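Here is a quick walk through one protein, from its overall build down to a handful of individual residues. Have the sequence and the model open as you read.

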Amino acid sequence: MPDAGWRPILTGQLALAATERALEVAGRLRGRNDAEPGLDGSAGKAVLFGQLDRIAPGEGWDRHAHVALTDAVRAIEDTGRNHPGLFVGHTGVAAAGAYLSRGGTRYGGLLATLDEQIAVAAAGLSEVFVETPAHQSFEAFDLIYGLAGTNRYLLARGRPDLAGLVALCDSGPDEPNWFTPPEAIREDTAIAQWYDGGVYNCGLAHGIPGPLATLSIALSHGYVVPRQAEAIARVAEWLTAQRADDEWGANWTSCVTPNGPPEVPAHSAWCYGSPGVAHTLWLAGTAIDDAKLRELAIEAMAAVYRRPWSVRNIGDSPGLCHGVAGLLQITLRFANATGEPLFTEAVNELTEHLLGLYRPELSTGYFSRNGSNGVIREHPGLLDGAAGVALALLAASTPTEPVWDHVLLLS
């Protein structure tokens with residue numbers, strides 16, 4: 001296996017163009033007070049500015065990062081939001097603060113306060129899963145709102161609470177615990193309309209790959225609780241069995257019903273589809289040293305690039321969540337981990353496509369396209385907005401490792 005050190009994949013003029021575009025986007029995002037709490041508001045901008053400060057220290061990006069972080073804290077105070085979710089609440093603000101803390105030498109008071117709130121919330125939810133692991137809402141255990149996301153942050157802070165995730169990843173007498181019955185699905189979601197009999201959610205953003213990735217990363221970092229390795233193997237085996245292959249190779253649908261995978265188009269995105277699942281299986285295979293899982297992960301990603309663009313089902317959406325930047329970031333991780341030329345070629349292709357989606361007439365430079373209804377809007381944040389696109393371009397073109405993508409469960 002190639003050396004795990006980070007290396008930029010782009011070279012020459014394309015690398016220069018990607019870096020310049022990211023800098024242009026960052027310049028457009030400076031001075032905006034985007035009051036939305038969490039990483040899809042000012043906290044996401046703070047991460048982008050913090051990454052630029054790591055790449056080019058002394059050029060003023062740290063000051064802009066501090067302003068954006070201050071705006072993010074005020075947004076929580078002004079809205080009164082008391083949600084621990086990584087992308088919708090104060091865990092996202094804490095993640096941005098920790099990223100800017102320079103190894104814990106700054107923002108100590110803020111982080112101590114937020115860490116305690118997050119740890120208490122995670123412990124309470126973990127206890128719920130230990131006591132009643134089955135038939136919970138997938139939002140209670142997912143990355144965006146739930147226990148997988150809060151625990152990935154707490155893992156970075158050295159205090160994860162993994163017992164609830166392990167309990168979730170067990171199987172009951174009739175079905176795996178991560179089945180979400182129809183009464184536990186929010187009625188305003190598309191999933192409620194498409195899967196009225198309940199679902200096993202297979203998306204990295206909202207489904208069982210999130211807990212699997214968090215448990216795998218924790219094990220690889222030496223955080224071990226009873227039955228953790230067995231839980232990882234169990235979920236990885238289940239995901240492997242849920243493949244819904246097409247003519248190009250290994251694939252997964254967004255959700256699985258009690259009767260098996262439905263016949264619906266699969267994304268080739270970070271949030272849902274084979275790229276997010278593939279990278280999660282890579283993490284699991286690395287954690288429990290299962291070569292077959294790693295081989296399946298590589299094969300699934302290779303299949304993405306055998307598919308014509310028209311059937312990858314991400315269209316012209318640029319963002320990290322369900323767009324080109326998210327696929328780029330996952331491909332960068334595979335390119336660095338494996339050294340496979342296919343992934344290097346794909347990074348070049350995706351970067352060119354992403355540069356072509358830039359709209360200079362927009363204040364943010366890049367638009368966000370809603371995954372469920374296709375509505376376009378300008379957005380500054382990390383997951384759905386311009387900050388995330390800029391971060392992916394920097395990851396492809398600079399030698400500074402994008403460790404920020406731990407919030408996507410990619411590291």
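The 28 positive and 46 negative charges of the protein have mean positions that sit 7 Å apart. Bear in mind that this is a predicted model, so every value here is computed from predicted coordinates.

Zooming out, the protein has 16 helices and 4 strands. Its radius of gyration is 20 Å, close to the 22 Å that the globule rule gives for 411 residues, so the protein is as compact as a globular protein of that length. Along the principal axes, the C-alpha atoms fill a box of roughly 60 × 50 × 40 Å.

What about inside versus outside? Of the 411 residues, 59% are buried. The protein exposes about 15,400 Å², and carbon and sulfur atoms supply 51% of that area. As for contacts with a separation of 6 or more, 68% of them join residues 24 or more positions apart.

On to the core. In soluble globular proteins, nonpolar side chains tend to be buried together. Here the largest nonpolar core has 136 residues, and Leu 48, Phe 87, Trp 270, Tyr 366 and Leu 408 are the ones with the most contacts inside it. Helix 16 (residues 386-397) gives the largest share of this core, 10 residues.

Trp 270 is worth a click. Setting aside neighbours within four places in sequence, its contacts include Leu 143, Ile 144, Leu 204 and Ala 205. Later in the chain, Trp 270 also meets Leu 320, Cys 321, Ile 330 and Leu 383, among others. Leu 408, itself one of the core residues with the most contacts, is another partner of Trp 270.

Now for some single residues. Here is how their accessibility compares with where they sit:

| Residue | Place | Relative accessibility |
|---|---|---|
| Ser 254 | loop between helix 11 (228-241) and strand 2 (255-256) | 12%, buried |
| Asp 62 | helix 3 (residues 61-79) | 18%, buried |
| Gly 97 | helix 4 (residues 90-99) | 0%, buried |
| Arg 227 | loop between helix 10 (209-220) and helix 11 | 46%, partly exposed |
| Leu 409 | segment after helix 16 | 0%, buried |

Which residues does Ser 254 touch, not counting those up to four places away in sequence? They are Asn 201, Cys 202, Gly 203, His 267 and Tyr 272. Ser 254 is a loop residue, yet its 12% relative accessibility falls under the 20% cut-off, so it counts as buried.

Asp 62, in helix 3, has an acidic partner and two arginines around it: leaving out residues up to four places away in sequence, it touches Asp 53, Arg 102 and Arg 106. At 18% relative accessibility, Asp 62 also counts as buried.

Gly 97, in helix 4, has 0% relative accessibility. Beyond residues up to four places away in sequence, Gly 97 touches Leu 69, Tyr 107 and Leu 111. Measuring C-alpha to C-alpha, Gly 97 is 26 Å from Arg 7, with their positions 90 residues apart in sequence.

Finally, two backbone oddities to check. Arg 227 has a phi near 70 degrees, a positive value in a residue other than glycine. Leu 409 is also a non-glycine residue with positive phi, this time near 60 degrees. Their surroundings differ in exposure: Arg 227 is partly exposed at 46% relative accessibility, whereas Leu 409 is buried at 0%.

How values were computed
Residues numbered from 1 in each chain as written. Predicted model: local features only at pLDDT ≥ 70, side-chain atom pairs only at ≥ 80, totals over all residues. Heavy atoms only, no water. Helix = DSSP H or I, 4+ residues; strand = E, 2+ residues; numbered from the N terminus. Rg over C-alpha atoms; globule rule 2.2 N^0.38 Å. Buried < 20%, exposed > 50% of the residue type's maximum accessible area, 1.4 Å probe, protein only. Contact = heavy atoms within 4.5 Å. Areas by Shrake-Rupley, 256 points an atom, 1.4 Å probe, with all protein chains shown as cover. Lys, Arg positive; Asp, Glu negative; His and termini not counted. Charge placed at Lys NZ, Arg CZ, Asp CG, Glu CD. Core = buried A, V, L, I, M, F, W, Y, C linked by side-chain atoms within 4.5 Å.
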